[in-house]
Amino acid sequence: MATAYQYIEYNKRKSRFLVVLFPVTFTLFSYISVLGFFLLLGGLRYLGPHNLFDFESLWRQAFLAAHETCAWFLPLCFGLATFWAWQAWKQGDQIVLESISHLRELNKWDAPDVYNTLENLCIASGDYLPQLYVLDDDSMNAFAVGMSPMRAGIVLSSGLIKRLNRTELEGVLAHELAHIRHYDTRLMIIILTCVGFFTFAGEILFYGTERENLPEDLQGKMAVAYQRTRFAPLVYAGGMLLCFGYLIAPVLQFALSRTRESLADAQAALLTRYPQGLIRALWKLSEDSRIEALDEHVLLGIMCIARPRGKETFFERISGIGRTHPPVEERIRALHDMDGMFDPVA
């Protein structure tokens with residue numbers, strides 16, 4: 001079985017690998033998209049009733065046109081993806097935090113008990129003190145962000161701060177500190193930022209300017225004008241980017257191991273030496289963990305201590321498909337098994 005140190009090194013290697021893989025994947029995806037565009041464009045010529053379909057000729061012409069276009073287009077795509085991967089590595093945590101609505105920094109004088117609890121845990125574990133953030137939502141959940149333990153943050157919902165007692169809150173904070181120490185946060189931030197590149201760029205190209213930003217008396221006229229003047233290649237590119245972004249997110253759920261939560265639970269119990277605090281917190285969170293602000297951030301929801309989209313469906317419970325966290329009963333059972341380790345010796 002891998003040790004915690006091996007797990008940390010594994011996360012570091014995977015993060016570096018993803019940063020390198022992203023430009024290569026995006027360049028390959030761009031080539032396939034360009035080839036598909038010219039195949040689609042060439043296929044429109046055969047819509048007439050008297051045109052005989054010739055796939056060999058269509059493929060040859062599309063391949064030559066794509067090859068000519070990609071001679072300048074692919075280096076541009078590779079350079080753009082490389083720049084974005086570098087941005088994800090340097091400031092991916094800030095990009096993610098700025099994308100979440102109703103999020104603000106939590107100052108020490110706003111919640112002194114929370115800060116004191118976190119400071120005591122960091123002193124006991126030797127960790128750097130992360131920045132605290134509060135997400136205005138009456139439900140209970142938490143997650144950590146950060147590219148390294150020296151530059152990290154913990155996000156707590158306002159409902160969690162109000163409804164958990166000190167020992168329960170201590171268990172949650174220790175759990176998130178474990179994610180930061182294990183570099184789970186760096187791995188997830190890179191995945192989130194790179195996937196967000198596809199979906200954000202796709203929405204801009206496919207939908208154009210948001211209609212909500214226009215005055216009400218101009219929305220209808222501008223929408224009609226936009227529909228008439230929409231540039232077909234950009235719409236196609238936006239649709240392909242959206243497809244890639246929305247298809248890769250569920251796939252990454254299968255690639256990410258659910259053992260990261262169990263390992264963080266174990267590390268939290270070792271740090272606090274009181275598993276019962278985290279056990280009671282997990283029971284409470286399982287009853288009301290849905291955070292509406294995270295409904296559209298599927299991958300960010302994977303980082304939460306509890307499933308942020310409400311209770312599991314019957315299909316998820318039976319098949320396990322789509323399950324992003326271990327069952328809470330399984331996590332609590334493991335913590336109960338650890339509880340005996342901290343009984344005083346007679």
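## Helix 5 and the sheet

Helix 5, which covers residues 166–181, lies across strand 2, strand 3 and strand 4 (151–157), and runs at about 145 degrees to strand 4. The model described here is a predicted one.

The sheet itself is open and consists of four strands in the order 1-2-4-3, with mixed pairing. Its edges are formed by strand 1 (103–105) and strand 3 (142–148), each of which pairs on one side only. From one strand to the next, the twist averages 25 degrees.

At one of these edges, strand 1 runs antiparallel to strand 2 (residues 131–135), and three bridges join the two. L103 takes part in this pairing, its bridge partner in strand 2 being L135.

## Helix 2 and its bend

Helix 2 spans residues 55–98 and contains 44 residues, yet the C-alpha atoms at its ends are only 48 Å apart, whereas a straight helix rising 1.5 Å a residue would reach 64 Å. Where along helix 2 is there a bend of about 90 degrees? The bend is found at Q91, and a reader following the backbone can look there when considering the short end-to-end distance of 48 Å.

## Two residues with positive phi

Most residues other than glycine have a negative phi. H102, although not a glycine, has a positive phi of about 60 degrees, and it is placed in the loop between helix 2 and strand 1. Is H102 buried or exposed? With a relative accessible area of 55%, H102 is exposed.

R273 is likewise a residue other than glycine with a positive phi, here near 60 degrees. The loop that holds R273 lies between helix 9 (259–272) and helix 10 (275–287). The relative accessible area of R273 is 55%, and because values over 50% count as exposed, R273 falls in that class.

## The chain as a whole

Taken over its full length, the protein chain has 13 helices and four strands. Of its 346 residues, 45% count as buried, and the surface that the protein chain exposes amounts to about 18,900 Å², with carbon and sulfur atoms supplying 63% of that area.

The contacts within the protein chain can also be sorted by separation in sequence: among those between residues at least 6 apart, 72% join residues that are at least 24 apart.

Technical notes: Residues numbered from 1 in each chain as written. Predicted model: local features only at pLDDT ≥ 70, side-chain atom pairs only at ≥ 80, totals over all residues. Heavy atoms only, no water. Pairing = 2+ DSSP bridges. Axes fitted to C-alpha atoms, helices over the stretch in contact; angles between N-to-C directions. Contact = heavy atoms within 4.5 Å. Expected span 1.5 Å × (residues − 1). Bend = angle between axes of the 7 residues up to and from the residue. Buried < 20%, exposed > 50% of the residue type's maximum accessible area, 1.4 Å probe, protein only. Areas by Shrake-Rupley, 256 points an atom, 1.4 Å probe, with all protein chains shown as cover.
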